[in-house]
Amino acid sequence: MKINSKDSFKSLKKIKVNSKIYNIFSLKEAEKNGLSGISKLPKSLKVLLENLLRFEDNQTVKKQQILALKSWLKDKKSKTEIAYRPARVLMQDYTGIPAVADLAAMRDAVKNKKKDPKKINPLSTVDLVIDHSVMVDAYASKDSFKENVEKEFLRNGERYSFLKWGQKAFNNFRVVPPGTGICHQVNLEYLSKVVWSSESGGDIYAYPDTLVGTDSHTTMVNSLAVLGWGVGGIEAEAAMLGQPISMLIPEVVGLNLSNKLSEGTTATDLVLSIVQLLRKKGVVGKFVEFYGDGLKNLSLADRATIANMAPEYGATCGFFPVDEETLKYLEFSGRDDQIISLVENYSKEQGLWADDNIIFSETLELDISTVVPSIAGPKRPQDKVLLTESSKLFNKSFKENTKRDFSKEEDVSGEKFKLKDGDIVIAAITSCTNTSNPSVLIGAGLLAKKAIERGLTVKPWVKTSLAPGSQVVTDYLKKSGLNKYLDELGFNLVGYGCTTCIGNSGPLDDNISEAIKKGNLYAVSVLSGNRNFEGRINPDVKANYLASPPLVVAYALAGSMNIDLYKEALGKDKKGQLVFLKDIWPSNKEIQNLILTSINADMFNKRYANISEGPTNWKDIKTSDSSIYNWNETSTYVKKPPFFENMTEKPEGFKKITNARPLLILGDTVTTDHISPAGSIKKDSPTGNYFMQRQIQEKDFNSYGARRGNHEVMMRGTFGNIRIRNEIAPNIEGGFTKIYPEEKVVSVYEAAIEYKKRGNDLVVIAGKEYGTGSSRDWAAKGTKLLGIKAVIAESFERIHRSNLIGMGVLPLQFKDGFDRKKLNITGSELFTIINIAKGIGPREDINCEIKYANGTIKIIKLLCRIDTTNEIEYYKHGGILQYVLRNML
Ligand code: SF4
């Protein structure tokens, strides 16, 4: 992007690093020239300030917005909206496919207007890492990896060939092929530079490396002082097309970490404690920044685990400043010497180097030596469970969730064992949260080694898997010799990708699945991931626990959640002696010694040398050289999205919402996974019918995540999560509703189609934290395609709220203490948003008329959750993509 700042604060200067000269927008100079005091801003806000100084154009970025960061120091918060331009965009394939499909459809639209389609290109660097599609079909064998990769390419051939077309057709667009690693780990280990540099007007400019990503856990890279967070695919597309991200200057909560982790605790235990602490505090919409003495005792990998789970603690990001550990990691992961020198010099020059002389909005303290081993579950990552209490609390939640106080068991065909409530059927070492952290992976390997040496084995009903975030993990597990013990326990490599963490746990063995279904057993999964929402991991599993990789191995040995790992033995050794967890738990020293001797920079250099080449299956994919995509009408994976069909020259503005029917009435904490599931597709569902009509067998359905290039599938799957509960049809779980006035129970999709025929507007009514969880653009796109005009909720999750606007759906918030229960909304009412067609400003109140079935009418006030003037423009255009396209034409 061209740099052409007005530079009102005379901050442009040159610095020399080794023999190279860089232009920088100096915060020290800006402080001297009108921004007094800004050296005490949180480091994360300094990154935003530098961005505004660099892009001051008096249109999107005005002097007043820059001054607002100075004023922030007084109030420690701000109502000022700023236009922020991150340096790059990171995508994964689930969200990347629809983004590339939208770009391809935009090229079609430009061509139809007789203009050059090549005008449509990303303007900032975009990296798309294909990591979300690999599934755990084969496991616990030496060929598992090979078999899963083969199946992955078979299932995803059409999608991958589309992405390969995109790689050739668009400028500034790099694809990291399947089998390389998980996007956040690849970002941490390779893509991130901490300080970015680019050429503009013949000069080299250096500035902080910043990004937005289409995956919520983009936050992981804040561990490396790279400011980044997840946005919806829609916002990311706008960012890559040169639109600034509009945001309010956030509050920044400082979390002062002191001391160091005690023996026997892991970074996973620490992050689960931080999640609970910050959830209690409430940091939604805020930045969290870590500081204090404890930082020096946290490796970069530990910081990555903490930064990764920012969406789980609710913050926009969890930022760590640059310090010696950052430089050490850059060196250790094979980064270039010049980059390392630039990072050190630039950070010290700009006041981005760690110190404690910072003014935060608020501060919190955590003595990390007080952290004890923990897991989280069975439904939410913030529900921390101390390991000492895990079996007791499991039992409690079992009773609550099953409404049974007795345990059942069921025969398993062809086996001597019976399967019981509480048995663990999936134990997965998965997810970028933990697999980028050598201490927990080496820890898991050491625990496996000690278990084997004592003669322990994994219980036969457990599906075990190891899916590291990068190939470097395989290298160090091999070098340390621990891979063979993990293999022996069944934790063979199954793929480099998200696998179980995104719901691609693959089917359970038929006999296990049958026993669960027959006995309606309360089966459990334990995974080293960061998400455990209902219905996400596997359709046969009802309770999901997050745990560190060593604990995942321990639970696989135990085979049940009904065990107190402190008091009960995992099994007997060869001499008949009881073996307890404490007997095989590795010490911190053992782990550290192995890390020192098993990992080196060469491993990173070698693995990332040819990052865009990919495996043979990738190289073999043939694509066309055309700038326009040749859509295949019969494809069930990639279809031309309908968003630009019949697009008018001028924006349509605000439209009426009159006598709208509620399509769903939902409770609190409805996740984007409930709205648009990523996992498996049921045969007896609208999507299953769609496939059956096209002669696609159930085994080839693939997942919703993999089908995001087909809006027909995604529409049918919207609100189709098997665990969603719609209060309109309270007696049935899954995506069902009642059509009014006849009160017939049908699928949400069928109801939407029927209401469309009748010309009814539709709304969704919801509780608190609507749209929490992953940043999923299809949760908003699907809502739009079902014909829903507005969502009325008690509160919204940040990304989903902006995605709704990005798709032209109006987010409205209950106020004055009203909610669906106090208003006695059951599904038979009609909603009119009064005078909406006249327009509304950001965060203004608007009246809503509720007409009850008995004729009563009530008028309540709602808060318009279009928060900024930019968002108003997007909404008036019918969405952000239409806004960008109209501006380009
Ligand atoms: Fe997201 Fe899990 Fe994949 Fe990480 S491993 S990118 S958290 S789905």
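Two strands are taken to pair if DSSP finds at least two bridges between them, and strands themselves are DSSP runs of E with at least two residues, numbered from the N terminus. The model shown here is predicted, so that local features need pLDDT of at least 70 and side-chain atom pairs count only at pLDDT 80 or more, while totals for chains, interfaces and linings use all residues. Residues are numbered from 1 along each chain as its sequence is written, and side-chain values use heavy atoms, with hydrogens and water left out.

**View 1. An open sheet of 5 strands with parallel pairing.** The strands follow the order S6-S5-S4-S9-S10. Strand S6 (173-176) and strand S10 (227-230) stand at the edges with a single partner strand each, so one side of each has no neighbour in the sheet. Neighbouring strands are turned by 20° against each other on average, direction ignored, where axes are lines fitted to C-alpha atoms and angles run from 0 to 180 degrees between N-to-C directions. Strand S5 (residues 125-129) runs parallel to S6 and is joined to it by 4 bridges, with Val129 opposite Val176 in S6.

**View 2. The surroundings of the ligand.** Among the residues around the ligand, that is, with a heavy atom within 4 Å of it, are His132, His184, Asp215, His217, Cys432, Cys498, Cys501 and Arg536. By class, this shell has 5 nonpolar, 5 polar and 2 charged residues; Ala, Val, Leu, Ile, Met, Phe, Trp, Tyr, Cys and Pro count as nonpolar, Asp, Glu, Lys and Arg as charged, and the others, Gly among them, as polar.

**View 3. Strand S22 (residues 524-527), covered on both faces.** Val524 and Val526 on one side, and Ser525 and Leu527 on the other, are all buried, meaning under 20% relative accessible area with a 1.4 Å probe and protein chains only. S22 pairs in the parallel sense over 4 bridges with strand S20 (residues 424-429), where Ala428 stands opposite Leu527. Strand S23 (residues 543-546) also pairs with S22 in the parallel sense over 4 bridges, and here Val524 faces Ala543.

**View 4. Strand S12 (residues 252-258), mostly covered.** Of the 7 residues in S12, 6 are buried. S12 runs parallel to strand S13 (residues 287-291), to which 5 bridges join it, and Asn256 has Tyr291 as its bridge partner in S13.

**View 5. A barrel closed by 7 strands with mixed pairing.** The order around the barrel is S26-S29-S30-S31-S34-S33-S32, and the twist averages 40° from one strand to the next. Within the barrel, strand S30 (residues 788-793) and strand S31 (residues 810-814) run parallel and are joined by 4 bridges, Leu810 in S31 being the bridge partner of Ala790.

Technical notes
Buried means under 20% relative accessible area, exposed over 50%, partly exposed in between (1.4 Å probe, protein chains only).
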